[in-house]
Every structure is written in C-alpha cells, then in structure tokens.
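Open the model in your viewer and get ready to select a few places in turn. We will take each stop slowly, so there is no need to hurry.

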Amino acid sequence: MSSQEIEEATTEIRSHIVDFLTTLDDQMDEPRLSEIVEADGTLQSRNLGQTPERCVEDALIWPILETLGYEYTPRPYYPVGDSDEQPDFRIDNLSETVIGENKSVNNFETAQGDIEGYLDSRRYEYGLSTDGFRWGMYAVETDERGRADLVTVVEEQNIAPAVRRIARNQGLVSYTEELQENGTVEGVLGDFYQTFNHYGIRRAIGGLSEFYDLYLEVTTGGGEYQHLDTALIDAIEEPPDASQPEKLAFAVLLVDRLAFVKLLADRGILDRVALHAQWSEHNQGLNRFRGSFYSQYLQPLFYDALSTPSQQRDDELPEMFSDVPYLGGGLFESILPSERAFDVPDSVMKPVLTQFIENEERTLVNEAAAGSILETYTEEFESRELAGQIPQYYADIVDAYSAEIEYVESEIERTLRSFAATEAQ
C-alpha cells in the first residue's frame with residue numbers, strides 16, 4: 001500500500017468528517033455539538049429531523065465504508081430469524097460472510113453487543129461494529145464449555161480524536177482544555193485506513209497478503225488492486241500450437257523462476273546475476289534491437305546456464321554466465337512443450353521486474369522458501385482455479401520448485417533456510 005494511497009484516503013475520510021460535523025452544526029446549537037464531539041453526549045432525533053442512527057449512517061458511516069473500498073447492501077434480507085433483528089448492512093466484496101451493525105455516535109458498546117448476538121447465531125462469520133467514531137471487526141470462538149466468546153480480528157480503531165481536532169480547527173466547538181490524545185489528524189485517520197480498508201480486512205480474515213494479490217495480478221490479471229496495465233498471460237507470445245493452459249503455465253513458471261533467481265542473487269549465490277542492472281543495460285544498449293530481454297538474457301540464463309552442468313555448456317554462452325552454478329532441481333529445465341518458442345515483450349517484462357520482482361525482497365525470502373509461490377497461493381486462498389486451469393503442468397511446476405530448493409540446500413552453503421533462520425533471530 002503506497003503512501004499516496006493512504007494520503008488520498010485520509011483526505012477523503014477527513015472530508016467525510018467535515019461534512020458530518022457540518023450536518024450536525026446546521027441542526028443543533030454549539031453546546032450540544034460540543035457534548036457530542038468533546039464528551040460522550042448522544043444525538044437526539046429532535047435535533048436532527050431524523051433518527052440519530054440514520055443520520056450517522058448517511059453522513060458518516062456509508063461514505064467512510066466507500067472510501068475504505070467496500071461494496072455493501074444496507075438492511076440485507078436473511079430468511080432465517082426474526083425480521084426485526086437483522087444487521088444494518090452486509091459487505092458484498094469479501095469472500096466470507098461479513099455483516100455490520102451501526103449505532104449513533106458514542107454508542108459503540110451497543111453496536112458491539114448486537115454484533116456478538118448475530119455472530120453467536122452462527123449465521124454469519126464476521127461482524128463489523130461502529131458508531132461512526134469507533135470501529136471494530138469481530139468473530140466468535142467457542143471455548144471448552146461450548147460458550148461463544150467475541151474475539152477481535154483487527155485492532156479496534158477510534159477516530160474520535162481526529163474528529164475533535166477537526167471540529168476545533170473548523171471553529172465548530174469551543175474548549176477550555178487542550179487535547180491529550182496522541183497523534184495528528186493524519187496519523188489517526190491513516191492508522192484507521194490501513195487497519196480497516198477492504199484490503200486490510202480481506203487479509204486479516206482470509207490470510208491474504210499484498211504479495212499474493214500482486215502475484216495473481218502479474219500472472220493472470222486477476223488481482224484485487226490493479227497496478228499493472230497488462231498481465232503476463234495476455235502479453236506472452238506463444239508458439240502457434242500452444243493452449244491457454246500452457247500460456248498460464250508459462251507465466252507461472254517465468255515468475256517463479258525470476259523469484260528464485262532474485263532470491264539466490266540476494267543471498268550472494270548468483271554474484272553476477274543482477275536482474276535490475278542487466279535489464280538497464282539491455283534497455284539502454286543495442287541488445288534491445290536484437291530481441292527481447294527474455295530471449296537475449298533470461299532464456300540463456302535459465303536453459304543454458306542454470307539447468308546445464310558447467311562442463312556441458314556451449315562455448316558461445318555469454319561470459320557473464322561463466323560462474324553461474326548449475327542447479328539440478330529441474331525448475332529451469334523445459335517443462336512445457338515447445339517452451340523455448342515462448343517470448344515476452346519488454347513492455348510487460350519491465351513492470352514485472354520493477355514492480356514485482358525488485359520490490360518483493362521479503363516475499364522472496366520468506367514466501368518462496370516455503371515452496372512454490374503458486375502452490376502457496378492456491379492451497380491457502382480463494383483462487384484455486386488458477387491451479388485448476390493447468391492440471392497437466394501444475395504438479396510438474398511444484399515438484400521442480402521443491403526439488404530446486406532441496407538441491408540448493410544440499411549443494412550450496414548459503415542456503416535459503418539458513419538465511420531465513422538468521423532473519424528470524
């Protein structure tokens with residue numbers, strides 16, 4: 001998540017707060033507004049011309065939910081249970097069942113209690129409680145006696161300190177004491193956004209990390225947040241007889257191979273293989289007129305160096321690959337039919353290298369070392385169809401990746417796991 005995204009979202013949330021305060025200021029006198037903002041006063045219908053809960057929803061909660069990235073249905077219909085006891089909204093763009101309960105400001109505990117009741121009914125998996133100022137996301141767990149306990153999914157957030165500062169800055173309330181809460185408006189709202197935005201909740205309840213989302217985007221264009229103009233599978237230049245599953249398998253192989261090469265280079269195992277530097281040299285030199293970076297650099301590295309014993313390598317292999325070790329696990333050997341006939345245009349290779357490979361040092365150590373990146377994604381998260389589209393190649397890719405890790409660990413001193421162990425200390 002970029003600082004620009006956080007800054008833009010924080011600005012939007014601040015604007016929603018200003019609109020909400022303006023709505024209240026238009027309806028009530030200053031002492032009452034001060035009670036709401038500065039203390040724990042409650043809204044009353046006679047001040048608003050509508051019910052307090054509806055006012056807070058329309059002026060604050062719904063706009064904030066949209067900025068957080070949620071698609072939602074107010075007052076969803078559920079055929080089970082008392083029609084008078086239904087949640088206030090349902091989140092529609094999460095794979096899990098998530099419902100929400102709204103209350104008027106300074107009434108968070110009531111919203112929290114209602115959510116606990118809904119979750120205890122076992123009809124819903126997760127619940128979001130809010131009074132517009134305080135926000136909580138919960139699930140229930142059953143103890144050894146069969147009793148359901150409310151558990152916090154992400155840290156509760158309270159934006160009331162930011163609301164107070166904004167109200168004072170706008171001259172909407174008077175005060176005699178300085179605020180004691182730590183944090184600026186931007187800090188409070190930034191923390192709130194990073195915790196409660198759609199991606200943060202999706203990650204918390206589904207185990208999904210930003211890396212896996214970007215990995216899926218790079219290979220198939222199916223990520224939640226689109227950062228790349230073109231996915232590999234759409235840009236690959238395949239041989240005439242290649243099937244769609246083979247194209248997908250090639251995209252997966254290429255990304256896993258690049259990740260593995262970067263991982264080994266970071267650990268000093270491939271001293272002279274620097275993907276970023278080699279890309280820059282290719283892009284600025286004459287090689288770009290001879291062919292793609294993939295055909296001119298990566299193909300020889302994969303097939304003629306990493307997967308070929310040194311004594312069997314071609315004499316015309318570029319000198320830069322002379323000290324590249326032989327990796328005998330099979331990840332860099334041809335797995336697909338006519339694999340060497342595939343190519344990747346530089347236009348799509350650049351963002352893959354710069355936005356994915358070069359920026360994923362943590363992932364390349366901690367995620368790749370656990371097994372195939374694709375294997376980890378498809379086993380644990382919702383995009384199992386990614387593997388299902390390549391059944392005839394998936395096992396081969398996973399086996400080759402695992403075998404390569406085993407080979408590196410047995411043959412090369414500075415291995416992936418020894419580095420990971422050092423990082424953990």
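What follows is a short tour of a sheet, a helix, a serine and some salt bridges. Keep in mind throughout that this is a predicted model.

**Stop 1: the sheet**

Begin by colouring the strands. Six of them form an open sheet in the order β1-β2-β3-β4-β5-β6, with mixed pairing. At the edges you will find β1 (72–74) and β6 (148–158), each of which pairs on one side only. On average, neighbouring strands here are turned by 25° against each other, direction ignored. A bit of background helps at this point: strands of a sheet pair through backbone hydrogen bonds, either parallel or antiparallel.

Now walk across the sheet. Select β1 together with β2 (residues 89–91): these two pair in the antiparallel sense, over three bridges. Which residue of β2 is the bridge partner of threonine 73? The partner is arginine 90.

Stay on arginine 90 and look across to β3, where isoleucine 99 stands opposite. β2 and β3 run antiparallel and are joined by three bridges. Next, add β4 (residues 126–130) to your selection. β3 and β4 run parallel, with five bridges between them, and here isoleucine 99 stands opposite glycine 127.

**Stop 2: inside strand β3**

Zoom in on β3, residues 98–102, and show its side chains. Are its residues mostly covered or not? They are: five of its five residues are buried. In a regular strand the side chains alternate between the two faces of the sheet. You can follow this along β3, where Val98, Gly100 and Asn102 point one way, while Ile99 and Glu101 point the other way.

**Stop 3: salt bridges**

Side chains of opposite charge can pair when their charged atoms come close. The model has 14 salt bridges, and we will visit some of them.

Go back to arginine 90 and select aspartate 92 as well. Their side chains meet in a salt bridge, 2.8 Å from N to O. Aspartate 92 is partly exposed at 34% relative accessibility, and arginine 90 is also partly exposed, at 24%.

Then select arginine 134 and glutamate 109, which form a salt bridge at 2.8 Å, N to O. Arginine 134 belongs to strand β5 (residues 134–142) and glutamate 109 to helix α5 (residues 108–120), so this pair ties together parts 25 residues apart in sequence. You can also highlight Glu57, Arg75 and Asp88, which are joined into one network by salt bridges that share partners.

For the next pair, choose glutamate 186 and arginine 14, whose closest N and O atoms are 2.9 Å apart in a salt bridge. This one links distant parts of the chain: glutamate 186 is in helix α7 (residues 185–196) and arginine 14 in helix α1 (residues 3–27), 172 residues apart. Glutamate 186 is partly exposed, with a relative accessible area of 47%; for arginine 14, also partly exposed, the value is 27%.

**Stop 4: serine 34**

Select helix α2 (residues 30–38) and find serine 34 in it. This serine 34 is buried, with a relative accessible area of 15%. Beyond its neighbours within four places in sequence, what is serine 34 in contact with? Look for Ala39, Val173 and Ser174.

**Stop 5: helix α11**

Finish with α11, residues 244–266. This helix has 23 residues and reaches 33 Å from its first C-alpha to its last, close to the 33 Å expected. Of its 23 residues, 19 are buried, so α11 is largely enclosed by the rest of the structure. Just past the helix, select glycine 268: its phi is positive, near 85°.

Key: Residues numbered from 1 in each chain as written. Predicted model: local features only at pLDDT ≥ 70, side-chain atom pairs only at ≥ 80, totals over all residues. Heavy atoms only, no water. Salt bridge = Lys/Arg side-chain N within 4 Å of Asp/Glu carboxyl O. Helix = DSSP H or I, 4+ residues; strand = E, 2+ residues; numbered from the N terminus. Buried < 20%, exposed > 50% of the residue type's maximum accessible area, 1.4 Å probe, protein only. Contact = heavy atoms within 4.5 Å. Expected span 1.5 Å × (residues − 1). Pairing = 2+ DSSP bridges. Axes fitted to C-alpha atoms, helices over the stretch in contact; angles between N-to-C directions.
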